[in-house]
Amino acid sequence: MCMEDITKGALKMLEQLFNGEYDPCKFSVDFPDYCYDNYEKIEAEYKGLGYYLDQDVPDICDEGEPGFDPTNMINQLKKVYDGALEIIKRDIVKCFICGTEFDRDSTDDFCPACGWIHLGIERTFDLDELNETNKISINNARKNAKNGLDIWGDPIEPDLLKNINTKALT
């Protein structure tokens, strides 16, 4: 899992709070501000994460004031942290054609090994039907990958070939 810098910063702040390295009262102001100021960047790094953080974090952190017991806030933020990790994990795509795992791109899900553009609805396709986006059927794309070829019939680069799950192609 490759995490971008802004998201790493948000998770690091949470981890520091959990480890007692961040004053809870100060955190209750800093973290919502960080998420707000970096909303677009977080959302660009991991679609849905900026929105997710924006939904609960401000309300959870609202209870922070000098002398408050931070236990409830920290427990709720641990749930937010776990939810954020789930969103980050979803940003790993497993190719429907060759089984290669790769980071989700912000514009499309283009497999670096076989070239398949993932739509997320491949399971609904007829395996032998020509796919309009990829200009090849799923079965033909899988045959190509099994033979070390991308969806256009060109050889897959040797360093990417090792990522292909040939068992999934049979």
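**Exercise 1. Cysteines**

How many disulfides does the structure hold? Work from the cysteine sulfurs of this predicted model.

*Solution.*
- Step 1. Recall the bond in question. A disulfide is a covalent bond between the sulfur atoms of two cysteines.
- Step 2. Set the cut-off: the two sulfur atoms must lie within 2.5 Å.
- Step 3. Try cysteine 35. The nearest cysteine sulfur belongs to cysteine 61 and is 8.0 Å away. Cysteine 35 is in no disulfide.
- Step 4. Try cysteine 95. The closest cysteine sulfur, in cysteine 114, is 3.6 Å away, which is too far for a bond.
- Step 5. State the count: the structure holds zero disulfides.
- Step 6. Add the surroundings. Cysteine 35 is buried, at a relative accessible area of 8%. Cysteine 95 is buried too, at 5%.

**Exercise 2. The span of helix H1**

Find how far apart the end C-alpha atoms of H1 are, and compare that with the expected span.

*Solution.*
- Step 1. Locate the helix: H1 covers residues 5-18, which makes 14 residues.
- Step 2. Work out the expectation. The rule is 1.5 Å times one less than the number of residues. For H1 this should give 20 Å.
- Step 3. Check the model. The end C-alpha atoms of H1 are 20 Å apart, so the two values agree.
- Step 4. Look just past the helix. Glycine 20 follows H1, and its phi is positive, near 75 degrees.

**Exercise 3. The buried side of H1**

Which residues of H1 are buried, and what covers them?

*Solution.*
- Step 1. List the buried residues of H1: Ile6, Thr7, Ala10, Leu11, Met13, Leu14 and Leu17.
- Step 2. Place them around the axis. They cover an arc of only 150 degrees, which puts them on the same side of H1.
- Step 3. Recall the helix geometry. An α-helix has 3.6 residues a turn, so residues three or four places apart point the same way.
- Step 4. Find the cover. It includes helix H2 (24-37), helix H3 (39-45), helix H4 (49-61) and helix H5 (71-90).

**Exercise 4. Threonine 7**

Is threonine 7 buried or exposed? Then find its partners.

*Solution.*
- Step 1. Place the residue: threonine 7 sits in helix H1.
- Step 2. Compare with the cut-off. Buried means under 20% relative accessible area. Threonine 7 has 2%, so it is buried.
- Step 3. Find the polar partner. The side chains of threonine 7 and glutamate 45 make a polar contact of 2.4 Å.
- Step 4. List what threonine 7 touches, leaving out residues up to four places away in sequence: Ile42, Glu45, Tyr46, Leu49 and Ile88.

**Exercise 5. Helix H4**

Where does H4 bend?

*Solution.*
- Step 1. Start with the span. H4 has 13 residues and reaches 17 Å from first C-alpha to last, close to the expected 18 Å.
- Step 2. Find the bend. H4 bends by about 25 degrees at glutamine 55. Proline 58 follows within four residues.
- Step 3. List the buried residues of H4: Leu49, Gly50, Leu53, Val57, Ile60 and Cys61.
- Step 4. Name the cover. H1, H2, H3 and H5 are among what covers them.

**Exercise 6. Tryptophan 116**

Describe where tryptophan 116 lies and what its side chain meets.

*Solution.*
- Step 1. Place the residue. Tryptophan 116 is in the loop between strand E3 (109-110) and strand E4 (117-118).
- Step 2. Judge the exposure. Its relative accessibility is 0%, so tryptophan 116 counts as buried.
- Step 3. Find the partner. A polar contact of 2.9 Å links the side chains of tryptophan 116 and glutamate 122.

**Exercise 7. Helix H6 and after**

Which residues of H6 are buried? Then look at the places before and after this helix.

*Solution.*
- Step 1. List the buried residues of H6 (residues 138-146): Ile138, Ala141, Arg142, Asn144 and Ala145.
- Step 2. Place them. Their arc is only 160 degrees around the axis, which puts them on the same side of H6.
- Step 3. Look before H6. Lysine 135 lies in the loop between E4 and H6. Its phi is positive, near 60 degrees, though lysine 135 is not a glycine. At 58% relative accessibility, lysine 135 counts as exposed.
- Step 4. Look just after H6. Glycine 148 has a positive phi of about 80 degrees.
- Step 5. Move on to helix H7 (residues 158-161), which holds leucine 161. Leucine 161 is partly exposed, at 37% relative accessibility. Beyond its neighbours within four places in sequence, leucine 161 contacts Gly148 and Ile156.

Note on methods:
Residues numbered from 1 in each chain as written. Predicted model: local features only at pLDDT ≥ 70, side-chain atom pairs only at ≥ 80, totals over all residues. Heavy atoms only, no water. Helix = DSSP H or I, 4+ residues; strand = E, 2+ residues; numbered from the N terminus. Buried < 20%, exposed > 50% of the residue type's maximum accessible area, 1.4 Å probe, protein only. Arc of directions from axis to C-beta. Contact = heavy atoms within 4.5 Å. Bend = angle between axes of the 7 residues up to and from the residue. Polar contact = N/O pair within 3.5 Å; in protein donor to acceptor, adjacent residues only side chain to side chain.
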